[in-house]
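I'm opening the notebook on this one and going chain by chain. Notes are in the order I looked things up.

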Amino acid sequence: MIKPARVFGEVMRHLFKKPATCAYPFEKAKITERFRGRIDFDSPKCIGCQMCVRVCPAKAIEIKLSAEQPPAPVQAEGQPPVPAKRKFDCFMHLDHCVYCAQCVETCPKDALIMTQDFELAHTSRAALTRHYK
Amino acid sequence: MTSDSILPSLAYIIIFPGFLFLALYGLSLQWVDRKLCACFQNRMGPPWVQPLADFLKLLAKEVIVPDAADSKMFRLLPFFAMAAVMTAIVSIPVGAHALYSFQGDMVAVIYLLTIPTVTFFLAGWSSTSPYATVGAMRVMTQLFAYEVPLMLSIIGPAILAGSWNLTEISAFYAAKPLLIAAQLPGFLAAILALQGKLERMPFDIPHSKNEIVGGQFTEYSGRLLGFFYLAIDMELVVGAALLNAVFLGGSLGVTGWAAIPVFLLKTLFVTFLLALLKVLMARIRIEQMVNFCWKYLAPVAMFQILVDILLKYKLG
Amino acid sequence: MAKITIPFGPQHPALKEPENFMLVLEGEQISGSTINLGYNHRGMEKAAESRTYIQNLYLIERVCGICSHSHTTTYITNVEELAKAEVPQRALAIRTLIAELERVHSHLLWLGVAGYEMGFETLFMYTWRDREQVLDCLELLSGNRVHYSINTIGGVRRDVSAEQKAEVLKRIKFLEGRTQYYIKLALEEPTIAARTADVGRLPPEVALERGAVGPTARASGIARDVRKDEPYLLYDKLDFKLITHNTNDVFGRLVVRALELVESYKMINQVINNLPEGPISVKVPMKIAPGEAVNHYEAPRGEDIHYLKSNGTDKPERLKVRAPTMANLQSVSYMLEGGWLADVPLVIAAIDPCMSCTDRAAVWDQKKGKMAVYGWEELRKLGIEHYKHRGIDFSKL
């Protein structure tokens, strides 16, 4: 069965419809809860095990000792000295990151947190390496 | 010629209905066309300044002429196309009257409207690149497909009106609006043939981007390409004005400045139909185009001529 | 008429990826064509050898954007086979669900591309708008629209909640209605028929000879579908039809894909309504036991084959990917010859090519220092051994 201009009805219906597209930079895009965006870092939780560094498929993470270390807690009477908890910094190379969030799953202490940030483009490459303290 | 007659003539040629009006109205019609297509396809479409912005941007770009091309001809062709289209509007009634009308100006207009197509062919041929050459050959093949149905369908109403003068034809139908309805088959054939003449989807075969990139314009760039596109936009205005004069009764008897809005409304209507055609179909192949034009469009136009001859005989 | 040779690609508006077709034209008709591969070789197989199994997941996913789930699932089935991991039923069901959603999104994408290549932009715009629905489903379930990353070794990474099930079902219902409309449109619009009927003919015997796979083969009347021939994931428990068509042309490929969409909706409904309870993944050690594994998978474009060799470390020794486009490209040059120049984009698009999946190095035998080519007998032997390993004996055939 041949009907010339079969799409006519559909086309005319759309003449009075609002466009299906979204004016992105002016309207916020809808992001689902499970979206894998920029990875955030929670320094006090990090134990410096380097598991995330090893698992990262894009070599985007560096975990280094912080320049400033917290002082050792005061030694209690009759107790062995408690070693100071070492503090770590995270360098996240957003230009390498593939946003798979495998590091978040691997981290044993939940020190890496997945966020929904996705507007990460930048004009300078240096700004793409985030230094989380 | 005295200075009294030169100044108005210059104004007619440069401002209205000559270059400036044609260019600006052509760009506006391009926007209307693009916006309508976007609405049909549930998209946003461009803002109204987009065609002008595109044109100005092209003006600012570098012109590259291929070594193998004939430099002089290559540079001159866009202006030939534009000049031919601008000359055609002189004899087509924009208001109640055409600027310069004479017996047989219909034939002159059809002839002038063929010149841009010939320049497209020459543009493609003189570029010498494979895509442009294939595009040029398609331009010519397509010309032989749509030109005859277009002319045949325009002759019908002229026979009934008993004149080869566009202004007189439109005045005839403005006086007898009922006869407009009798021209429907011819009008449909003419709209389809005009779509082919303007090389718009589904008949954009000579420059279909998925097949031969830019077709006859592949090697054109910058200012020259901009003027070609402007010529096509002007051709859209002139084509719509021609159909308006022949089939829709021109200004419908309205005279003076009030005839201008009537003209604008009716050309917008023709543009709407052309935009609708653009979204309804898939592009056909060149040999299917030739078949379609000769098997269906030409007989419809012939039928229209027969109807008109019979009507003329009946009406006396 | 003089013959002219037209380059079609590597840079061409009709090709989304760099690949070169040299077309010899006589007027508007094509009298010969040569396909040149290799503009997009990314060295992924080699890269896979220097990454751990879990890192490779995210690399393999990027073999192809559209069939990202197909490639990871094939790869991961190999890994799990070698590690002898028992993947929970729920994980398999979620993998099946994503696989079918991916097929829906790929076929809708193809429908749009076909519309665009035949100059029917309205069809293109509508199908891609509707495709957003299935992309939203995928984002809802996995977190991303294209690289779902839902697979992990031993299961899947994310569970499906009750609200998500309802949302996906709602969107699939909408898509079913739209697909019915597109099927009607494709069957009734005369210009679509004019552009696709009798274009790019591939008779069944040529399709067999050139090893066509997927919808391209099925449109030539060859009932070949890994989901039926050798069911993986949950496909042996699902009720679906194998779609074939016998017109052997682009129109047939259009119909096959459109009807497969309907089958996919059926399967998605079945999987969601009978999702088994239980855990979604099991732990698998980092180091994989040595051995070799081959698996195939019906990707939206056709049969995808992965070969994996492990040497007992945490990195694979060799990974080989045979993407469906590689199998179908052989048929393209046959389909192009004798056709019109205007049909070239459509014929190429009709196999749903993914060039970057396809480009890779040739087989090189290091010991002999020359190209190694398997003969038919050797291939047959390998095939029989492979199936014996799985408990099916084909040696009598």
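Before I count anything: a helix here is a DSSP run of H or I with at least four residues, a strand is a run of E with at least two, and both are numbered from the N terminus. I also keep in mind that this is a predicted model.

**Chain C, overall**

I tallied the secondary structure of chain C and got 15 helices and 10 strands. Its radius of gyration is 21 Å, close to the 21 Å that the globule rule gives for 397 residues, so chain C is as compact as a globular protein of that length. I then looked at the C-alpha trace of chain C, which spans about 65 × 60 × 45 Å along its principal axes. Of its 397 residues, 50% count as buried. I also checked how far apart in sequence the contacts reach: among those in chain C with a separation of 6 or more, 69% are between residues 24 or more positions apart.

**Chain B, confidence and one helix pair**

Next I pulled the confidence for chain B. The mean pLDDT is 87, with 98% of the residues at 70 or more. Where in chain B is confidence lowest, and where is it highest? The low end is helix α1 (residues 3-14) of chain B at a mean of 75, and the high end is helix α3 (residues 50-60) of chain B at 93.

I stayed with α3(B) and looked at its packing on helix α2 (residues 19-40) of chain B. Their axes come within 8 Å and cross at roughly 120°. Angles of 65 to 115 degrees would count as roughly perpendicular and those over 145 as roughly antiparallel, and α2(B) and α3(B) are therefore oblique to each other. From α2(B) I listed B:L27, B:Q30 and B:W31, which meet B:Q50, B:P51, B:L52 and B:F55 of α3(B). I sorted the residues of this contact into five nonpolar, two polar and no charged.

**Contacts with chain C**

How many residues does each chain put into the contact of B with C? I get 21 from chain B and 23 from chain C. On the chain B side, α6 (130-161), α10 (209-212) and α13 (286-315) each supply at least two residues. The most comes from α10(B), with three residues. By type, the chain B side divides into 11 nonpolar, five polar and five charged.

Chain A touches chain C too: 18 residues of chain A are in contact with 19 residues of chain C. The chain A side splits into 11 nonpolar, two polar and five charged.

**Odd spots in the loops**

I flagged a cis peptide bond between B:M201 and B:P202, with omega about 0°. B:P202 sits in the loop between α9 (184-197) and α10 of chain B.

Then I went after positive phi values outside glycine. A:Q50 has phi near 70° and lies in the loop between β1 and α2 (51-55) of chain A. Is A:Q50 buried or exposed? I count 12 other C-beta atoms within 10 Å, and exposed means 12 or fewer, so A:Q50 is exposed.

C:K84 has a positive phi as well, near 50°, in the loop between α3 (68-83) and α4 (89-117) of chain C. It has 10 C-beta neighbours inside 10 Å, so C:K84 counts as exposed.

Last entry: A:P25, in the loop between α1 (8-14) and β1 (39-41) of chain A. With 7 C-beta neighbours inside 10 Å, A:P25 counts as exposed. I also noted that its C-alpha atom is separated by 36 Å from that of A:C46, 21 residues apart along the chain.

Key. Residues are numbered from 1 along each chain as its sequence is written. Chains are lettered from A and ligands numbered from 1 in the order in which they are written. This is a predicted model: local features need pLDDT of at least 70, side-chain atom pairs count only at pLDDT 80 or more; totals for chains, interfaces and linings use all residues. pLDDT is the predictor's confidence in each residue, from 0 to 100. Axes are lines fitted to C-alpha atoms, for helices over the stretch in contact, and angles run from 0 to 180 degrees between N-to-C directions. Angles under 35 degrees count as roughly parallel, over 145 as roughly antiparallel, 65 to 115 as roughly perpendicular and the rest as oblique. Two residues are in contact if their C-beta atoms, placed from the backbone, lie within 7 Å. Ala, Val, Leu, Ile, Met, Phe, Trp, Tyr, Cys and Pro count as nonpolar, Asp, Glu, Lys and Arg as charged, and the others, Gly among them, as polar. The radius of gyration is taken over C-alpha atoms; the globule rule is 2.2 Å times the number of residues to the power 0.38. A residue is buried if 20 or more other C-beta atoms lie within 10 Å of its own, exposed if 12 or fewer, and partly exposed in between; C-beta atoms are placed from the backbone.
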